[in-house]
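User: Please take a close look at one part of this model, starting with the backbone of a single loop, and then work outward from there. I would like one connected account that keeps each residue tied to its surroundings.

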Amino acid sequence: MRRSDLVSARLDRVIPAALFTAFLALRLPLRSGFLVNWDAVNYALGLEVIDLEHHQPHPPGYLGFILLGRAARLVTGDANAALTVVSVIAGAAIPALFYLLARRVLRRPFAVGGAILLGSSPVVWYYSVVALSYAVGGALVLAVVYAAHRARTDASRGWLIGAAVALSALGAVRQIDMALLLPVVIWAAVPFEHRTRIRGAVALVLTSLLWGIPLLLLAGGIGAYLDYATGLATFAGGRTWLGSFDPVGMAQNFGLVALGLVVGLNVLLLPWAASTLGGQRPFRRLDAATRQLVLLWTVPALLVFLLVHTGQVGYVLVILPAGVLVATAAAQALVDERATETLLRRAFPRRRTTVVAGALAVNLIGFFVLPPVGHTVLSARDTQATDTDPQATFIQDRTRQFDLRRNDEHWADLIATVERFDPDKAVVLGVPTSGGSFRHLTYYAPDHLVLGLGFDRGGRFGALATARDRTSDYSIDSIGAARPEISLPAGTRYVLVPDREVAVGLRWEALRPVKVHDRIVLYALAVPDGVRLVFHQAREWSPPFIELVRPGAERFDRRTPVPVGHA
């Protein structure tokens, strides 16, 4: 082997290791301090006890992610720290794995540039520092694709087995992603003889049984597992799949996918657009095998995400690397054009380094500057808000999770405030939705009784779930039928209200704000012993009225339930 070939091979080993090390070092100090959303709390609860019926974690189970989190917790001692460390490691592997794939179809400088821009993408960066499974899934997707590409183009039986094992590992972490990537592994297996394909299938099945059987046993059997999985799928996707004919649900799918790809690709959209407008057709710059791979990689996922369900931006980590690969091929095509090369040489004497550094700066600005668009769930307009005006006081904001600093501040202040109240004398009224406090306080305030109030699937407001000692009866069945009333435990003296949906139903003149740094984090209501909460509505999905019924007192007249603030 020539010396230049030896140097090139050595570089192709050193560069992925350098990418992994650099992104690992950059992200470790920037991890979230608190669990960022409902799903993250589900994972944290799953580290305690796996209970799919009560969403610890939510179906379909994510057993591989839970086991990785439990292993990391042996070192960190904390669930959020453990899960974020797992995400950081996986997120650092994403650009390294992308380089290995891109290097097979692009020249080294462009493979390096694409890897850096993918690793620094705001979408990849965010999901690499929070306690969610998307970064791990994204890394394993790239492992599957890289192994499949090597198996097909190198006619390697070993890499075909590797692709099958990687696909199984992906299924242990995110089962839906395993189904979406199955066509890629089948594509890799097609040129091989029948015996080799059988070996690949056996490897896939046997390794999948290693996590599939324990998952079914933990769920209580295949029947129970299917009930939990289909129940959540029906609940989450009921309004978003094509057959629902719900324009709002479909708009959610298209909006989240578009947002994820635009923000994820970021500056890489420029060479893609320039190449396309110049008639260069960047996708055609890839070889035929890679074009087939990219189509099988992205089309099934896009069909599912657009026509069935997309829950949050993290879904696009399955296909975002494919977009970066095509965009980087477009950049290479532009540079290959003599006029573009001359222009770049004149504008940037050290053009490659300068362009990549500038694009990296834009990506980092996108992550550190753009996300702070929200405030807290209970965001008071400081001293201008009145204590009796719910519309001025409460602002429901589900984008807070993407602003890690504000998210951490919010939960730190709220949890510290709740803990100031004796758990034997205070009950928290939270909301069991992605923007509510019920799930977070289930985990972070285990000594307190937390009641989940909200609308059931029939549009009735009432009690949906309860939690204490990090154990909850929340399930798809429990949110199907709201209880019309609930008795508070004996000895209760205070009701704590962190969420607007509950606060609007109480009598505002009785509520007292509790502030931290001049910001209202919750409202407290003094109640007599033995009080019951009775829930009323004027019509379906209308704002509720929450009646506090004292022992022996007459009931509220159900014929005239008027929400406070609208009387």
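## A loop residue and its surroundings

Analyst: D518 is found in the loop between β7 (residues 512-516) and β8 (residues 519-526). What follows describes a predicted model, and every value in it is computed from that model. Most residues other than glycine have a negative phi, and most peptide bonds are trans. D518 has a positive phi of about 65° although it is not a glycine. With a relative accessibility of 54%, D518 counts as exposed, because the cut-off for that class is over 50%.

The strands on either side of this loop also lead into the interior, by way of T417, which belongs to helix α19 (residues 404-419). Once residues up to four places away in sequence are set aside, T417 touches V514, V516, V521 and L522. V514 and V516 fall within the residue range 512-516 of β7, while V521 and L522 fall within the range 519-526 of β8. T417 has a relative accessibility of 1% and therefore counts as buried, the limit for that class being under 20%.

Another positive phi is found at R470, in the loop between β3 (residues 461-468) and β4 (residues 471-472). Phi of R470 is near 60°, again in a residue other than glycine. R470 is partly exposed, because its relative accessible area of 27% lies between the 20% and 50% limits.

Backbone features of another kind, cis peptide bonds, appear in the loop between α2 (residues 38-48) and α3 (residues 63-76), where P57 is located. The bond joining Q56 and P57 is cis, with omega at about -5°. P60 also lies in the loop between α2 and α3, and the peptide bond from P59 to P60 is cis, with omega at about 10°.

The residue ranges of α2 and α3 lead on to S133, a residue in the loop between α6 (residues 122-127) and α7. Apart from neighbours within four places in sequence, S133 is in contact with Y43, Y62, F65, V173 and R174. The C-alpha atoms of S133 and Y43 are separated by 8.9 Å, although their positions lie 90 residues apart along the chain. The relative accessible area of S133 is 0%, and S133 is therefore buried.

R174, one of the contacts of S133, also belongs to the lining of the second largest cavity, together with Y134, G137, G138, D177, F305, G314, Y315, L317 and V318. Rolling a probe the size of a water molecule over the atoms shows where empty space is left. The structure holds 2 cavities of 30 Å³ or more, and the second largest has a volume of about 50 Å³. Its lining is made up of 5 nonpolar, 3 polar and 2 charged residues. Helix α7 (residues 134-154) supplies 3 of the lining residues, the largest share.

D177, which lines this cavity, is also one of the buried residues of helix α9, among which are Q175, M178, L180 and L181 as well. Helix α9 (residues 175-189) has 15 residues, and the distance from its first C-alpha to its last is 21 Å, close to the 21 Å expected at 1.5 Å a residue. A bend of about 40° occurs in α9 at L181, with a proline, P183, following within four residues. The buried residues of α9 pack against several helices, namely α7, α8 (residues 157-173), α10 (residues 194-219), α11 (residues 222-237) and α14 (residues 288-307).

Helix α5 (residues 108-119) can be described in similar terms: its end C-alpha atoms are 16 Å apart, which agrees with the 16 Å that 12 residues should span at 1.5 Å a residue. Of those 12 residues, 10 are buried, so α5 is largely enclosed by the rest of the structure. The buried set consists of R108, F110, A111, G113, G114, A115, I116, L117, L118 and G119.

As for the wider setting, the chain contains 21 helices and 10 strands, and 53% of its 567 residues count as buried. Among contacts between residues at least 6 apart in sequence, 70% join residues at least 24 apart.

Definitions and conventions
Residues numbered from 1 in each chain as written. Predicted model: local features only at pLDDT ≥ 70, side-chain atom pairs only at ≥ 80, totals over all residues. Heavy atoms only, no water. 1 Å grid on protein atoms, 1.4 Å probe; cavity = no way out; pocket = protein on both sides within 12 Å on 5 of 7 lines; lining within 4 Å. Points joined across faces, edges and corners; volume = space filled by probe spheres on them. Helix = DSSP H or I, 4+ residues; strand = E, 2+ residues; numbered from the N terminus. Nonpolar A, V, L, I, M, F, W, Y, C, P; charged D, E, K, R; others polar. Expected span 1.5 Å × (residues − 1). Bend = angle between axes of the 7 residues up to and from the residue. Buried < 20%, exposed > 50% of the residue type's maximum accessible area, 1.4 Å probe, protein only. Contact = heavy atoms within 4.5 Å.
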